[in-house]
Amino acid sequence: QVQLVESGGGLVQAGGSLRLSCAASSSSFRINAMGWYRQAPAKQRELVAITTSGGSTNYADSVKGRFTISRDNAKNTVYLQMNSLKPEDTAVYYCNAETTTPWGARRDYWGQGTQVTVSS
């Protein structure tokens, strides 16, 4: 089993910054990619940024140049630094971990979500 604990959401004015953190705890699952998704009211959940265990990253076009994803493999923690925030970034942000079980199955896990609200 894998548990993901998120922190760092909140209310910020447009142009401000926030940093999200997500710590993964796992007894025996190998954690592969970790990423952040978000879901705004009445919208589908969308990928924000993702990073592999090897350090490759990928971003949604809407956040390129403003958000930075990073990862501490020793701590199984992923971060999302969000700068130049816009009201349209308002959403619940979810951490995701893609894992491999000891018997070779692939499993996805999600955090509980953290609210990010950007006021204009």
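A disulfide links Cys22 to Cys95 in this predicted model, with a sulfur-to-sulfur distance of 2.0 Å. The count of disulfides comes to 1. The link of Cys22 and Cys95 is left-handed, with -80 degrees about the S-S bond. Cys22 sits in strand E3 (residues 18-26) and Cys95 in strand E9 (residues 91-100), so the bond ties together parts of the chain that are 73 residues apart in sequence. If you are wondering about access to these sulfurs' residues, Cys22 is buried, with a relative accessible area of 0%, and Cys95 is buried too, at 0% relative accessibility. As a reminder, a disulfide is a covalent bond between the sulfur atoms of two cysteines.

**The sheet around E3**

Let's begin with the strand that holds Cys22. E3 belongs to an open sheet of 4 strands, in the order E1-E3-E8-E7, with antiparallel pairing. E1 and E7 stand at the edges with a single partner strand each, so one side of each has no neighbour in the sheet. On average, neighbouring strands of this sheet are turned by 15 degrees against each other, direction ignored. Between E3 and E8, the antiparallel pairing runs over 6 bridges. To find one of these places on screen, look for Ser21, whose bridge partner in E8 is Tyr79.

**E9 and its partners**

Now to the strand that holds Cys95. E9 is mostly covered, as 8 of its 10 residues are buried. E9 runs antiparallel to E4, with 8 bridges joining the two, and here Met34 stands opposite Ala97 in E9. Another partner is E11, joined to E9 by 3 bridges, again antiparallel; Ala91 stands opposite Val116 in E11. Strand E10 (residues 106-110) is also antiparallel to E9 and shares 5 bridges with it, and the bridge partner of Thr100 in E10 is Arg106.

Thr99 is a good residue to inspect in E9. Thr99 counts as buried because its relative accessibility is 0%. Its C-alpha is 5.3 Å from that of Asn32, although the two residues are 67 apart in sequence. Leaving aside residues up to four places away in sequence, Thr99 touches Val2, Phe29, Arg30, Ile31, Asn32, Ala105, Arg106, Arg107 and Tyr109.

**Hairpins and their turns**

Three hairpins are set side by side here, each with a turn residue that has a positive phi.

| Hairpin | Residues between the strands | Turn residue and phi |
|---|---|---|
| E4 and E5 | 6 residues | Ala42, about 65 degrees |
| E5 and E6 | 5 residues | Gly55, about 100 degrees |
| E9 and E10 | 5 residues | Gly104, near 90 degrees |

The strands of these hairpins can be followed through their bridges. E4 and E5 run antiparallel and are joined by 5 bridges, with Glu46 in E5 as the bridge partner of Arg38. E5 in turn pairs with E6 in the antiparallel sense over 3 bridges, and Thr51 stands opposite Thr57 in E6.

**The nonpolar core**

Which residues have the most contacts inside the largest nonpolar core? They are Leu4, Met34, Trp36, Leu80, Met82 and Tyr93, in a core of 29 residues. Strands E1 (2-7), E3, E4 (30-39), E5 (46-51), E7, E8 (77-82), E9 and E11 (114-119) each supply at least two residues of this core. For a closer look, take Met82: apart from residues up to four places away in sequence, it touches Gly16, Ser17, Leu18, Leu20, Arg66, Phe67, Tyr93 and Val116.

**Arg66, a buried arginine**

Met82 leads us to Arg66, one of the residues that it touches. Arg66 is placed in the loop between strand E6 (57-59) and strand E7 (67-72). Is this arginine buried or exposed? Arg66 counts as buried, because its relative accessibility of 11% falls under the 20% cut-off. A polar contact of 2.7 Å joins the side chains of Arg66 and Asp89. Besides Asp89, residues that Arg66 touches include Gln81, Met82, Asn83, Ser84, Leu85 and Lys86, not counting those up to four places away in sequence.

Notes: Residues are numbered from 1 along each chain as its sequence is written. This is a predicted model: local features need pLDDT of at least 70, side-chain atom pairs count only at pLDDT 80 or more; totals for chains, interfaces and linings use all residues. Side-chain values use heavy atoms; hydrogens and water are left out. A disulfide is a pair of cysteine sulfur atoms within 2.5 Å. Buried means under 20% relative accessible area, exposed over 50%, partly exposed in between (1.4 Å probe, protein chains only). A polar contact is a pair of N or O atoms within 3.5 Å; within protein, one must be able to donate a hydrogen and the other to accept it, and residues adjacent in sequence count only if both atoms are side-chain atoms. Contact means heavy atoms within 4.5 Å. A nonpolar core is a set of buried Ala, Val, Leu, Ile, Met, Phe, Trp, Tyr and Cys residues joined through side-chain atoms within 4.5 Å. Two strands pair if DSSP finds at least two bridges between them. Axes are lines fitted to C-alpha atoms, for helices over the stretch in contact, and angles run from 0 to 180 degrees between N-to-C directions.
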